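Thanks for sharing this one. Here are my notes, set out point by point so that you can follow them with the structure open.

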Amino acid sequence: MNRNYKTMKRRTLLSTAAVAAFGKYSFAEEKIIEVLEKEPTQPNGVIKKTAEEWKKELTPEQYRILREAGTERANGKVYEEFKKQGGGTYYCAGCDAELFSSEEKFDSHCGWPSFYDPSKAKNIKTDVDYHLGYARTEVRCAVCDGHLGHVFSGEKFESLGGKKTPTGKRYCINGTVLKFVPFPDKKDGAEKKTDKKK
Ligand SMILES: [Zn+2]
C-alpha cells in the first residue's frame, strides 16, 4: 500500500512536471497576432516612451522587433496565421495606430506578411538602413517610431499573372508587431471595406 502510494505520488509529480515543462514551452513559442473585436482608440500625435516602459508593455519578441529593428522568423506561425486571416485592418502593436488592411494584402510567398501599400500612409514612415551591408528601405510606424519591416520595389509583383499589385511595392512586415481587427461585415461573407477612410 505504501508502495502504491509512492507510485501514485511519483506519477502525480511527473505529470505536474510535464505540465510545467509544457507550459514553459508554450510560453516560449511565438506569439500569434493579437485579434481585437473593434478598432482601438487611435493615438493623437507622436508617442514616446522609455525602453523600460516599452519592455513592460511589449512581449520580448515585439520589443526586439519594434525597438531594436529585429525580424521575426520567416514562414513561422505568425505568417501561417496571417495567411489564414480574412478581411480586416492591421494596427501597430506598439501604439494602436492603423497601418495596413487586407485590401492591400497580397501573397508574395516571401514568408512575411506583405502589403502593396499602407492603409494609413500618414502613420508610416521610411528610412534607409544598412544592417545587411547594403541599402534597404526600412518601414517604421510614424506614431511610435517602431520598426515594422522593409519595403521593396521593382520586384515585378505588379505584373504577376492574375495577381497584379497596383504599386509594384512589397511592404514586408513583421506580423508579430501587428494587431488585427476583422472587418465588421465579415459575418455576411463579404470582405470588402465599406466606409473606410484613407
Ligand atoms: Zn506604432
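The points below go from the overall layout to the sheets, the core and a few single residues.

1. A word on the source before anything else: this is a predicted model, so please read every value here as computed from predicted coordinates.

2. Let me begin with the overall layout. The protein chain holds four helices and nine strands. Read from the N terminus, the elements follow the order α-β-α-α-α-β-β-β-β-β-β-β-β. The chain has 198 residues, and 30% of them are buried. Of the contacts with a separation of 6 or more, 61% join residues 24 or more positions apart.

3. Two open sheets are worth tracing, and I would start with the one of four strands. Its order is β1-β9-β2-β3, and its pairing is mixed. Which strands are at the edges? They are β1 and β3, each of which pairs on one side only.

4. Where does the mixed pairing come from, strand by strand? β1, residues 34-35, runs parallel to β9 and is joined to it by two bridges. Within this pair, Val-35 sits opposite Phe-180 of β9. β9 also pairs with β2, this time in the antiparallel sense and over five bridges; here Gly-88 is opposite Pro-182 in β9. On the way to the other edge, β2 and β3 are antiparallel with three bridges, and Thr-89 faces Ser-101 in β3.

5. Next comes the open sheet of five strands, with the order β4-β8-β7-β6-β5 and antiparallel pairing. Why is one side of β4 and of β5 left without a neighbour in the sheet? Both stand at the edges and have a single partner strand each, so one side of each has no neighbour there.

6. The β5 to β6 pairing is a good place to zoom in. These strands run antiparallel and are joined by six bridges. Thr-126 is opposite Val-139 in β6, while Asp-127 is opposite Glu-138 in β6. The two strands form a hairpin with six residues between them, and Gly-133 takes a positive phi near 95 degrees in it.

7. From β6 the sheet carries on to β7 through four bridges, again with an antiparallel run. Val-139 appears once more: its bridge partner in β7 is Gly-149. This pair is also a hairpin, with five residues between the strands, and Asp-145 in the turn has a positive phi of about 65 degrees.

8. Now to the interior. In soluble globular proteins, nonpolar side chains tend to be buried together. In this model, the largest nonpolar core has 32 residues, and those with the most contacts inside it are Cys-92, Leu-99, Cys-141 and Ile-173. Elements that each supply at least two residues of this core include the helices α3 and α4, and also the strands β2, β3, β6, β7, β8 and β9.

9. Leu-99 deserves a closer look. Leaving aside residues up to four places away in sequence, its contacts include Tyr-90, Tyr-91 and Cys-92. Further along the list are Pro-118, Ser-119, Lys-120, Asn-123, Ile-124 and Cys-141. Cys-92 and Cys-141 are themselves among the residues with the most contacts inside the core.

10. Two loop residues other than glycine would be on my list for a backbone check. Asn-75 has a positive phi of about 55 degrees and lies in the loop between α3 (60-66) and α4 (77-84). Is Asn-75 exposed or partly exposed? It counts as partly exposed because it has 13 C-beta neighbours inside 10 Å, and exposed would require 12 or fewer. His-109 has a positive phi near 60 degrees and sits in the loop between β3 (98-101) and β4 (114-115). With 7 C-beta neighbours inside 10 Å, His-109 counts as exposed.

11. My last point concerns Lys-164, in the loop between β7 and β8. Why does Lys-164 count as exposed? The reason is its 12 C-beta neighbours inside 10 Å, since a residue with 12 or fewer falls in that class. The C-alpha atom of Lys-164 is separated by 9.2 Å from that of Phe-106, although the two residues are 58 apart along the chain.

Terms used: Residues numbered from 1 in each chain as written. Predicted model: local features only at pLDDT ≥ 70, side-chain atom pairs only at ≥ 80, totals over all residues. Buried ≥ 20, exposed ≤ 12 C-beta atoms within 10 Å, placed from the backbone. Core = buried A, V, L, I, M, F, W, Y, C linked by C-beta atoms within 7 Å. Contact = placed C-beta atoms within 7 Å. Pairing = 2+ DSSP bridges.
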